[in-house]
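Let's take a walk through this protein, looking at the empty spaces inside and then at one residue up close. Have the model open and follow along.

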Amino acid sequence: MRLSRELNPKEEEIVAKRKEICRSAISKLLGKAVSPNKVPVVSITASGGGFRTMTAVAGIMQGLQGTGLLDCATYFASLSGSTWYLSNLFCPDLYSKDGKPDINQCAEYLKECCSQMGTKKFIANFLGYIHQLDERKNNGLCVSAVDLWGCYLASVFKLPEKTGTKTLSQQCCHVETAEWPFPLYTALNVQSNVAREKFHQWMEFTPFEYGFCTHRMSMKDDDLEGRKCKGVVCQERDEPDIGYMMGLWGSAMAVSLREALEFLKEDDHTLWDKVVALMVKFAEFVKIAELRPLAAALPNMLRGIAVDWMQSNANKVQADRVFTIISEQESDMKQFDALLFPSASSEFLLVPDKAKRVEDEEFMILTDAGIDFNDPIPPVIKPERRSDVIIVFDNSALSSQWVDPFQQLDLAAKWAKDHSVGEDAYKFPKIDHSKFDKDNIQECYVFEDEDDSECPIVVLFPLCNPKLKREPEEFDALRSLCQSNVKSGFEKIKQAIAKKANG
């Protein structure tokens, strides 16, 4: 286990190389030279949304590349469906003759894959999926619906048969060139039979390691399925293939029964809403409301490490933010505290009611991060990365044209506020709802904190939500729409970058 407030050394090295590419691109964008110490960190984030989002991101990337904005970005954070695009981009063996990532060739490949998927493909390959699951079970690994979903995704994108990039860590060779924004994938760590509101932790995955977005603890990707105790791998296992990881990152089926029922609400106080509310109450009464029978389980990286939760204020426990490590051996606790949480309080508090102690659990229960909120903001606002400009492509499904497109950013802003402790702040601007006019939804919105120069400028692109039928013409229509949206918002992105470069 790596305990550090610094980024992974390999990530630092790649980001430093990427900075030079970004400096050149930003200088060209602004029409003047940008000094090395004034290069803003630009991060791109893409929401979840299944195959719709994957298709949208294909168009977004083409739009960013065509306008020269892609080379201005240091990071690309993904969630659920957008992780599928990023996973395929960094598996160029699938579509590229020269073995190098290519945005246009990747888009055409994904279009071909989407046109061939469906129930028939699932049924045709079902016995093969079961065989793969049986192999995992015989190897002592947990098997869930996520494994089956991962097998299906792997077959849709022909991962087992065509690619040499079989695991997340094998993406390193394509990332180390720094020709692309550094990829960040996300998931949510929860507990079975415990409400997400009481306990959850955002996790991030890179081609080098995985860990928490808040805690400064991480482990190598090839240790993902190894059994762990006290921060050490005590039983090694092979790293899971990229298909399994795509299934895990995009496992919206791993919602609890209560969350699934709440998704069915129409929010207009109909009889149906009353029926759903009664079903939720019954599920809570029989203690099945928070079960997650379809969620993935990976060996717990915190197992055996004593974790004491601490109080951040009188009425609220930030269960996944403030903690201290206590070694069973003779070690300087103050060193751990200073290393991980220099501004943290020293008052101890028990784990929130009904939640189990994390270090006692053998497995971590991981789900689609979109279950919390659908924009992967946490990894790009970490103090170590601290983005200056965040370009948010929110492809969340809107139930009607009247739904506020700022909803997910609101939740991200609340998360940032709740997890900021002293100087260890997760900077994010306030989301101003007065900008929203339901009769005139814009392609692009800008949010910033004029009083805090260190707070990132957020440029939001909400998606006008067409229903993707996975036909080639539908794929092209959505892709073209997203390219057009990027071009429409080009000047606002340019202004945001210029403001940070000149600040």
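Before we start, a word on vocabulary: helices (at least four residues) and strands (at least two) are DSSP runs, numbered from the N terminus. Keep in mind, too, that what you're looking at is a predicted model.

So where is the empty space? Rolling a probe the size of a water molecule over the atoms shows where empty space is left. A search of the whole structure turns up 5 cavities of 30 Å³ or more. The largest cavity holds about 160 Å³ of space. Its lining is made by 19 residues, and Arg2, Glu204, Glu209, Ser218 and Lys382 are the closest to the centre. Two strands to look for here are E6 (209-212) and E7 (217-220), each of which supplies at least two residues of that lining. Strand E6 gives the most, with 4 residues. And what is the wall made of? In the lining of the largest cavity you'll find 9 charged residues, 6 polar ones and 4 nonpolar ones.

Now turn to a pocket. The second largest one has a volume of about 540 Å³. Look for Gln132, Arg136, Glu239, Pro240 and Asp241, which lie nearest its centre among the 23 residues that line this pocket. Helices come into the picture here: H6 (126-138), H7 (145-156), H8 (159-162) and H10 (242-249) are the elements that give two or more residues to the lining. Helix H7 has the largest share, at 4 residues. Sorted by type, the lining of the second largest pocket has 8 nonpolar, 6 polar and 9 charged residues.

Finally, zoom in on a single residue, Ser396. You'll find Ser396 in the loop between strand E14 (389-394) and helix H14 (407-418). Is Ser396 buried or exposed? Ser396 counts as buried because its relative accessible area is 10%, and buried means under 20%.

Which side chains does the side chain of Ser396 meet in polar contacts? One partner is the side chain of Asn374, at 2.8 Å. Another is the side chain of Asp394, with a polar contact of 2.5 Å. If you set aside the neighbours within four places in sequence, Ser396 is in contact with Ser47, Gly48, Arg52, Asn374 and Gln408. Asn374 therefore turns up twice around Ser396, in that list of contacts and as a polar partner, where a polar contact is a pair of N or O atoms within 3.5 Å.

Note on methods: Residues numbered from 1 in each chain as written. Predicted model: local features only at pLDDT ≥ 70, side-chain atom pairs only at ≥ 80, totals over all residues. Heavy atoms only, no water. 1 Å grid on protein atoms, 1.4 Å probe; cavity = no way out; pocket = protein on both sides within 12 Å on 5 of 7 lines; lining within 4 Å. Points joined across faces, edges and corners; volume = space filled by probe spheres on them. Nonpolar A, V, L, I, M, F, W, Y, C, P; charged D, E, K, R; others polar. Buried < 20%, exposed > 50% of the residue type's maximum accessible area, 1.4 Å probe, protein only. Polar contact = N/O pair within 3.5 Å; in protein donor to acceptor, adjacent residues only side chain to side chain. Contact = heavy atoms within 4.5 Å.
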